[in-house]
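Student: I would like a close look at the salt bridges here. Please set them in the context of the fold around them, and keep it brisk.

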Amino acid sequence: MNRTIKHAEDLRWLIDHTGGFRAGYVTEIQILKRRLFDEGSVREVPAGTTIAVTIHYEIRGLARVAKLTMTGVTDFSVFEQDGIDCSSLSVIQAELNARTLRFWFDPQGELYVVCDEAHLEELTLPVITAQQAAELARWTFQGLSTDGPTIQWLLDELNQAGLPCTWRDAGRSVAVHPAVQWEGSLRPADNSSGDENNLVHAMAYSPPEGQGFGLLLRVFGIQDRRLSRILEVLADRITHRFPGNCLIGTTIIPGREWERWLVQEHRSRREQ
């Protein structure tokens, strides 16, 4: 889901689509201030401010991660007192006045932005319940193409990578959500640990808006390098084969930037 918010009808769509982000919570705020060097005055001058707010919320039985990027920012407030969590939202307020957008993310105005334009990026996935085994990692991909990877495609790619796996259907009597197409677990063909809780859970689903597909991968069990490799290999093959966006933690990144993110993550772990 990608949409620019600039006119009154765009703003009405945003509030209707998100339900005003009711009962959501802010997970990340990014502030980017651009400055340019002015040769005449031999000084750096402001060249615009951009603020991006990432929000997790649920609506109509679906979990959503939205990144609202506001450009041409002329006024803003990002304030949080010590000991007070201002990340929880009740419902945001927004208005368009003289072609200027105003967003109030909380009643006190502690998170407030005035801007020329906003852009919404969003990933959607069915609401999932916790499992008994510990979840070690999670990776979500929302593709733009109509046809996504099949179970056999996942198995073939892992086999080519030297990580042969077996597949077991989830076997639910009732699907998590009607959007779910298939669900099950991948286990190394040679499960030397013998622990049935060591697995990579895979769920394919249809996004509620427009074309495309969603794929959620979760690693369960104990720390196992092979399971991490299965997740990394599948993420690498999927982002190379299908255009779309990834959700890693609370961050939405284009699929083509997955490898760069992974390299940076490995480097930061080595430095710790």
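**Salt bridges and their surroundings**

Tutor: Start with E117 and K6, whose side chains meet in a salt bridge with an N to O distance of 3.6 Å. This pair ties together distant parts of the chain, 111 residues apart. E117 sits in strand β9 (residues 117-126), while K6 is in the loop between β1 (2-5) and α1. E117 has 26% relative accessibility, so it counts as partly exposed. K6, with a relative accessible area of 42%, is partly exposed too. Keep in mind that this is a predicted model.

The count of salt bridges comes to 9. Another one joins the side chains of E135 and R138, at 2.9 Å from N to O. E135 is partly exposed, with a relative accessible area of 34%. R138 is partly exposed as well, at 38%. These two residues have company: E135, R138 and R218 are linked in a network of salt bridges.

Now take E157 and R237. Their side chains meet in a salt bridge, 2.7 Å from N to O. This pair also links distant parts of the chain, 80 residues apart: E157 belongs to helix α2 and R237 to helix α3. Is E157 buried or exposed? E157 counts as buried because its relative accessible area is 13%, and the cut-off for buried is under 20%. R237, at 25% relative accessibility, counts as partly exposed. One partner is therefore buried and the other partly exposed.

E157 leads into the packing around α2. I151, W153, L154, L155, E157 and L158 are the buried residues of that helix. They pack against β11 (165-169), β12 and α3. Just after α2 comes G162, which takes a positive phi of about 80°.

Some of these names return in the largest nonpolar core, which has 31 residues. Those with the most contacts inside this core are W139, L158, I230, L234 and I238. Two or more residues come from each of β10 (135-143), α2 (151-160), β12 (180-188), β13 (199-205), β14 (213-220), α3 (225-241), β15 (244-248) and α4 (258-271). Helix α3 gives the most, with 7 residues. L234 shows how such a residue is surrounded. Apart from its neighbours within four places in sequence, L234 is in contact with L154, L158, L186 and L217. Both L154 and L158 are on the list of buried residues in α2.

There is a second, separate core, made of 25 residues. L14, I59, L89 and F105 are among its members.

Go back to the N-terminal helix that follows the K6 loop. Helix α1 spans residues 8-18, and L11 lies in it. L11 is buried, because its relative accessible area is 8%. Which residues does L11 touch beyond its neighbours within four places in sequence? The contacts are I5, A94, E95, L96, L101 and F103. L101 is remote in sequence: L11 and L101 are 90 residues apart along the chain, with 8.7 Å between their C-alpha atoms.

Several of those contacts lead to a strand pair. Strand β6 (residues 93-97) and strand β7 (residues 100-104) pair in the antiparallel sense over 5 bridges. L96 has L101 as its bridge partner in β7. The two strands form a hairpin, with 2 residues between them. A98, in the turn, has a positive phi of about 55°. L96 and L101 thus appear twice here: as bridge partners and as contacts of L11.

The surface deserves a glance too. I29, I31 and V78 form a nonpolar patch there, with about 220 Å² of accessible area together. I29 lies in strand β2 (residues 25-38). At 34% relative accessibility, I29 counts as partly exposed.

Finally, the whole chain. The secondary structure comes to 4 helices and 16 strands. Of the 272 residues, 44% are buried. Among contacts with a separation of 6 or more, 61% are between residues 24 or more positions apart. The accessible surface is about 14800 Å², and carbon and sulfur atoms account for 47% of that area.

Definitions and conventions: Residues are numbered from 1 along each chain as its sequence is written. This is a predicted model: local features need pLDDT of at least 70, side-chain atom pairs count only at pLDDT 80 or more; totals for chains, interfaces and linings use all residues. Side-chain values use heavy atoms; hydrogens and water are left out. Two strands pair if DSSP finds at least two bridges between them. Buried means under 20% relative accessible area, exposed over 50%, partly exposed in between (1.4 Å probe, protein chains only). Contact means heavy atoms within 4.5 Å. A nonpolar core is a set of buried Ala, Val, Leu, Ile, Met, Phe, Trp, Tyr and Cys residues joined through side-chain atoms within 4.5 Å. Patches are made of residues with over 30% relative accessible area and no salt bridge: like charges are joined within 9 Å, nonpolar side chains (Val, Leu, Ile, Met, Phe, Trp, Tyr) within 5 Å. Accessible areas come from the Shrake-Rupley method with a 1.4 Å probe; for residues, only the protein chains shown count as cover. A salt bridge is a side-chain nitrogen of Lys or Arg within 4 Å of a carboxyl oxygen of Asp or Glu.
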